[in-house]
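Here is a walk through one structure, from its ligand to two helices and a few unusual backbone positions. Keep the viewer open as you read.

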Amino acid sequence: MLDYDLHCHSNISDGTLSPTELVNRAAERGVKVMALTDHDDVAGLDEARAAAAKHGMIFINGVEISVSWRTHTLHIVGLGITPDHPQLADGLRSVRSGRALRAQKMSDELAKAGIGGVLEGAYNYAGNANMIGRTHFARYLVEAGHCKDVKSVFNRYLVKGKPGYVPHQWAVLEDAIGWIRGSGGVAVLAHPGRYMSGRVGMGKKTMHELLGEFVDCGGKAIEVVTGSHTPEQYAEFARYSKEFDLLCSCGSDFHGPGESYRDMGRLPDFPLGCRPVWESWEQTASLKVA
Ligand code: AMP
Ligand code: MN
Ligand code: MN
Ligand code: MN
């Protein structure tokens with residue numbers, strides 16, 4: 001099993017644990033190298049790094065940037081970023097800035113569908129109000145008795161075509177990769193198996209076009225082993241990694257106990273022949289915690 005977990009969330013974005021609680025859980029579960037990759041915000045990295053040092057873990061600065069590409073929302077993980085790099089910090093601020101208005105609109109749409117008072121309830125679940133998002137809405141709607149769990153709320157209310165879904169313009173792919181690279185990081189295409197066209201995957205042709213553009217913009221790696229991929233998808237994206245000469249990454253995408261596909265520290269090995277993303281920083285001593 002891999003003892004690298006390079007994708008997870010704290011309550012700085014839509015996880016339920018604080019950065020310290022998350023790192024403690026990772027350490028207990030045998031993770032040796034960890035990146036915290038909150039959505040669109042780097043405010044948890046200092047706390048997580050300090051917690052990781054206490055466990056003698058290697059800690060990698062990370063972020064997961066929301067991107068709009070054609071009709072899809074994509075997530076681009078940055079690993080080994082410099083959190084206070086001005087271009088990255090400004091870019092992330094601009095991505096975050098649209099969330100408050102979107103949340104207001106989501107609440108208005110849900111009210112039209114007969115569910116009132118959701119905005120305040122959702123904000124109560126957002127540890128960081130700047131990062132208000134769909135998961136906070138989902139947790140509140142479970143609390144209010146509308147669905148049995150977060151997954152059901154998404155399916156019924158929060159995905160395209162459902163009453164609480166509000167289309168949103170996130171960052172441009174080229175910009176997000178540029179901010180990551182400009183701050184010294186490696187850009188990773190997150191959970192490629194999750195990008196859908198309707199009820200099915202985005203299709204081979206579109207995936208080829210996406211990966212071509214990703215590489216042209218300076219993207220260097222792809223998540224092969226991630227919490228939401230099946231073993232068939234590990235093999236599928238391992239093949240894409242070879243075709244596009246991409247490094248391979250792995251991460252649980254853990255959001256909290258009881259809410260995630262996978263817990264931290266329980267990831268299967270890469271398929272044979274994958275070149276791990278950590279090859280790109282093994283020589284870079286500055287990324288390591290002594
Ligand atoms: P947002 O950035 O506010 O649009 O929220 C996106 C987050 O919602 C993702 O990072 C996931 O944590 C969560 N999410 C998206 N789709 C689903 C789904 N179908 N079921 C459960 N959680 C989801
Ligand atoms: Mn999330
Ligand atoms: Mn994601
Ligand atoms: Mn994630």
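A polar contact here is a pair of N or O atoms within 3.5 Å. With that cut-off in hand, turn to ligand 1. The model is predicted. A polar side-chain atom of T135 lies 3.3 Å from an oxygen atom of ligand 1, so the pair falls within the 3.5 Å limit. H39 also places a polar side-chain atom by a ligand 1 oxygen, at 2.8 Å. For R102, the corresponding distance to an oxygen atom of ligand 1 is 2.7 Å. On its own, ligand 1 has 500 Å² of accessible area, and the protein covers 83% of that. The residues around ligand 1 come from many parts of the numbering: D14, H39, H75, R99, R102, G133, R134, T135, K151, F154 and H255.

Next, the backbone. Most residues other than glycine have a negative phi. Which way does D40 go, positive or negative? Its phi is positive, about 55°, although D40 is not a glycine. D40 sits in the loop between β2 (33–36) and α2 (45–55). This residue is buried, because its relative accessible area is 0% and the cut-off for buried is under 20%. D253 is another such case: not a glycine, yet with a positive phi of about 60°. Look for D253 in the segment after β10. D253 has 9% relative accessibility, so it counts as buried.

Now take helix α9, residues 204–216. It has 13 residues, so at 1.5 Å a residue it should span 18 Å. Its end C-alpha atoms are 18 Å apart, which agrees. Which residues of α9 are buried? They are M207, L210, L211 and F214. Seen down the axis, these fall within an arc of 95°, so they line one face of the helix. K205 and D216 are exposed on the other side of α9. The buried residues pack against β3 (58–69), β4 (72–79), α8 (173–182), β6 (186–189), β9 and α10. After α9 comes G218, with a positive phi near 105°.

That packing leads to α10, residues 231–243. This helix also has 13 residues, and its expected span is 18 Å. The end C-alpha atoms of α10 are 19 Å apart, which agrees. Its buried residues are Q233, Y234, F237, A238, Y240 and S241. They cover an arc of only 160° around the axis, so they lie on the same side of α10. P231, E232, R239 and E243 are exposed on the other side. What covers the buried residues of α10 includes α9, β9 (221–226) and β10 (247–251). Just after α10, D245 takes a positive phi of about 55°.

Last, find P163. It lies in the loop between α7 (150–158) and β5 (171–172). Is P163 buried, exposed or partly exposed? It is partly exposed, because its relative accessible area is 33%, and that value lies between the 20% and 50% cut-offs. Leaving out residues up to four places away in sequence, P163 touches E109, L110, A113, R156 and Y157. G114 is 49 residues from P163 along the chain, and their C-alpha atoms are separated by 9.9 Å.

Definitions and conventions: Residues numbered from 1 in each chain as written. Chains lettered and ligands numbered in written order. Predicted model: local features only at pLDDT ≥ 70, side-chain atom pairs only at ≥ 80, totals over all residues. Heavy atoms only, no water. Helix = DSSP H or I, 4+ residues; strand = E, 2+ residues; numbered from the N terminus. Expected span 1.5 Å × (residues − 1). Buried < 20%, exposed > 50% of the residue type's maximum accessible area, 1.4 Å probe, protein only. Arc of directions from axis to C-beta. Contact = heavy atoms within 4.5 Å. Near = heavy atom within 4 Å. Polar contact = N/O pair within 3.5 Å; in protein donor to acceptor, adjacent residues only side chain to side chain. Areas by Shrake-Rupley, 256 points an atom, 1.4 Å probe, with all protein chains shown as cover.
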